[in-house]
Protein chains: 2
Amino acid sequence: MNIVKLMKKPLILVTNDDGIAAPGLKALVEVAKEIGEVVVIAPDSPQSAKGHAITISGPIRLNKVEVFEGIESYECSGTPVDSVKLGKYVVLKNREVDLCVSGINHGSNASINIIYSGTVSAAMEASFEGINSIAFSLLDFSWEADFEAAKPFISHIIKQTLENGLSSSKLINVNIPKLSSKDIRGVRVCRQADGRWEEDFLEAVDPRGIPYYWMTGKFNLMDKGEDTDIWALENGYISVVPSGHDLTKHEAISGLKTMEMLNLQED
Amino acid sequence: MNIVKLMKKPLILVTNDDGIAAPGLKALVEVAKEIGEVVVIAPDSPQSAKGHAITISGPIRLNKVEVFEGIESYECSGTPVDSVKLGKYVVLKNREVDLCVSGINHGSNASINIIYSGTVSAAMEASFEGINSIAFSLLDFSWEADFEAAKPFISHIIKQTLENGLSSSKLINVNIPKLSSKDIRGVRVCRQADGRWEEDFLEAVDPRGIPYYWMTGKFNLMDKGEDTDIWALENGYISVVPSGHDLTKHEAISGLKTMEMLNLQED
């Protein structure tokens, strides 16, 4: 970190997917404001599992709110990714953002959950803009989750990122086990574990007699590696997964070349 | 493909993100029903740019509908990914799905658009279940887009996939240029181009005088490679990108190891 950078406070954009009033967002603001100048832009309602959804077919509202004392804050009617786009292109239009942090999510975003997560997608969107970005999640789905034990580790990871960057990545997905500070064994930089959700839809009828389905399922780990986020979390470590947005399965390209041989008459 | 497989018609799950009544879905059903037994499960309303969003905090409705003559069809109140999950775990619970096709999307899902696309996310969700899956998109946003020229190519790609599989991938993202059949030069298997959206939010006030924002932007290509989907499309080819869901930026792991050196007292 050069001297000029050290002389000014870094500008940190804080967002989440659980909404402007979520306790996890409050905890993250409390950590971030000790490190830099914080601006908060978050959805006006819970937006869990919204993935990388954006609002293109309708208007988005943006209201200035006073939720965190002394912190410039906005709520947005759109998705987590909308919040970041409005942050970059409207609220902080003429300013350079040094870091975007998203969370602290109430619940795990390890393994395949990264794909469904609004928390990670918000941070990922900022990474498209060249901003170093971090998604934080605590392995506790409860609204009353206790974020205190996680705070010093989050502070450490934010400071490390501001000082050293994120190697060849612009985004890290950080998950924190539900443990006391003394039981957290440290930080592991690892890869996304291979796993998926097996669904078991609840089928019921509503008060008007109309049937509905409600998604519920169990996570299936298909990966025994000791270099994964799930392994780290199950063994008491905080997992840090450098993440990107190139979905290409490069190794499959050559094996698919036969698809280029077109003979539509024979099909 | 073995003899037993050839003797039965393949079961093809068809979905999309533009909704059950979209012309692109109709075109895809028309192609798929010539090849296999088709079951349609699609959102009951347009769900563009919903990414990998799922409905976890509320009920989902599923209605049997008669939209395509002789084809078992359902509309779902949830997202494109919800539709596939209901297809797999409710409607086709006891059946083996041979292929999932999603689209034909009205508009491009090449390059970074794959991240925002409900069309691709629906196909990707099926790929998590081990089902070979294809997302089809035509580079024409219009509701009145003409899908006729695309049909023989889509038929070719579906047949190839049923016969040969998808190499080490379970998902391909197929984009089709807006050209006449004779002007389409063929198929290119390629990688996702690096690009991003630069937003330019429209700011206006609604009829009640309340301000709103409406997302609009332009695509910035940051990739001059001739092995990309954008290059293929700009040169008159159909692009086929084998795609996955491991977001780990593996090459960044070793460069981030310093983050594991914790000294919280010194922070």
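Two strands pair if DSSP finds at least two bridges between them. In this predicted model, that criterion sets out the sheet of each chain, and the description below follows the sheet of chain A from its order to one of its inner strands before turning to chain B and the contact of the chains.

Chain A contains 7 helices and 13 strands. Its radius of gyration is 20 Å, close to the 18 Å that the globule rule gives for 267 residues, so chain A is as compact as a globular protein of that length. The C-alpha trace of chain A spans about 70 × 55 × 45 Å along its principal axes. Of the 267 residues in chain A, 52% count as buried. Among contacts in chain A with a separation of 6 or more, 78% are between residues 24 or more positions apart.

Nine-stranded sheets can be described by the order of their strands. In chain A an open sheet of 9 strands has the order 3-4-2-1-5-6-7-13-8, and the pairing is mixed. The edges are formed by strand 3 (62-65) and strand 8 of chain A; each has a single partner strand, so one side of each is left without a neighbour in the sheet. On average, neighbouring strands of this sheet are turned by 20° against each other, direction ignored. At one edge, strand 3 of chain A runs antiparallel to strand 4 (residues 72-76) of chain A, and 4 bridges join the two. Within this pair, Val65(A) has Ser73(A) of strand 4 as its bridge partner.

Strand 6 of chain A pairs in the parallel sense with strand 5 of chain A over 5 bridges. Here Ser102(A) stands opposite Ala135(A) of strand 6. With strand 7 (residues 171-176) of chain A, strand 6 also pairs in the parallel sense, over 6 bridges. In that pair Phe136(A) stands opposite Val174(A) of strand 7. Of the 6 residues of strand 6 of chain A, 6 are buried, so the strand is largely enclosed by the rest of the structure. Both faces of strand 6 are covered: one side carries the buried residues Ser133(A), Ala135(A) and Ser137(A), and the other carries Ile134(A), Phe136(A) and Leu138(A), which are buried too.

Ser133(A), which belongs to strand 6 of chain A, illustrates these surroundings. A residue counts as buried if 20 or more other C-beta atoms lie within 10 Å of its own; Ser133(A) has 30 within 10 Å and is therefore buried. Leaving aside its neighbours within four places in sequence, Ser133(A) is in contact with Cys100(A), Ala123(A), Met124(A), Ala126(A), Ser127(A), Lys170(A) and Leu171(A). The C-alpha atoms of Ser133(A) and Asp98(A) are separated by 9.0 Å, although the two residues are 35 residues apart along the chain.

Helices lie across the sheet of chain A. Helix 2 (residues 23-32) lies across strand 1 (11-15), strand 2 (37-43), strand 5 (99-106) and strand 6 (133-138) of chain A, and runs at about 140° to strand 5. Helix 3 of chain A lies across strand 1, strand 2, strand 3, strand 4 and strand 5, running at about 135° to strand 2. In helix 3 of chain A, 9 of the 12 residues are buried, so this helix is largely enclosed by the rest of the structure. Its buried residues include Pro80(A), Val84(A) and Lys88(A).

In chain B, an open sheet of 9 strands has the order 3-4-2-1-5-6-7-13-8 with mixed pairing. Strand 3 (62-65) and strand 8 (186-189) of chain B are at the edges. Strand 3 of chain B pairs with strand 4 (residues 72-76) of chain B in the antiparallel sense over 4 bridges, and Asn63(B) stands opposite Glu75(B) of strand 4. Helix 5 (residues 118-128) of chain B packs on the sheet, where it touches strand 1 (11-15), strand 5 (99-106), strand 6 (133-138) and strand 7 (171-176) of chain B; its direction makes about 170° with that of strand 6.

A turn of 180° and a shift of 0.0 Å along the axis lay chain A on chain B with an RMSD of 0.0 Å. That is the relation of a two-fold axis. In the interface, 73 residues of chain A are in contact with 73 residues of chain B. Helix 6 of chain A provides the largest share of the side of chain A that touches chain B, 7 residues. By class, this side has 36 nonpolar, 22 polar and 15 charged residues. Of the interface residues of chain A, 100% are also interface residues in chain B, so the copies meet through the same surface.

Terms used:
Residues are numbered from 1 along each chain as its sequence is written. Chains are lettered from A and ligands numbered from 1 in the order in which they are written. This is a predicted model: local features need pLDDT of at least 70, side-chain atom pairs count only at pLDDT 80 or more; totals for chains, interfaces and linings use all residues. Two residues are in contact if their C-beta atoms, placed from the backbone, lie within 7 Å. Ala, Val, Leu, Ile, Met, Phe, Trp, Tyr, Cys and Pro count as nonpolar, Asp, Glu, Lys and Arg as charged, and the others, Gly among them, as polar. The radius of gyration is taken over C-alpha atoms; the globule rule is 2.2 Å times the number of residues to the power 0.38. Axes are lines fitted to C-alpha atoms, for helices over the stretch in contact, and angles run from 0 to 180 degrees between N-to-C directions. Copies are superposed by least squares on the C-alpha atoms of residues with pLDDT of at least 70 in both.
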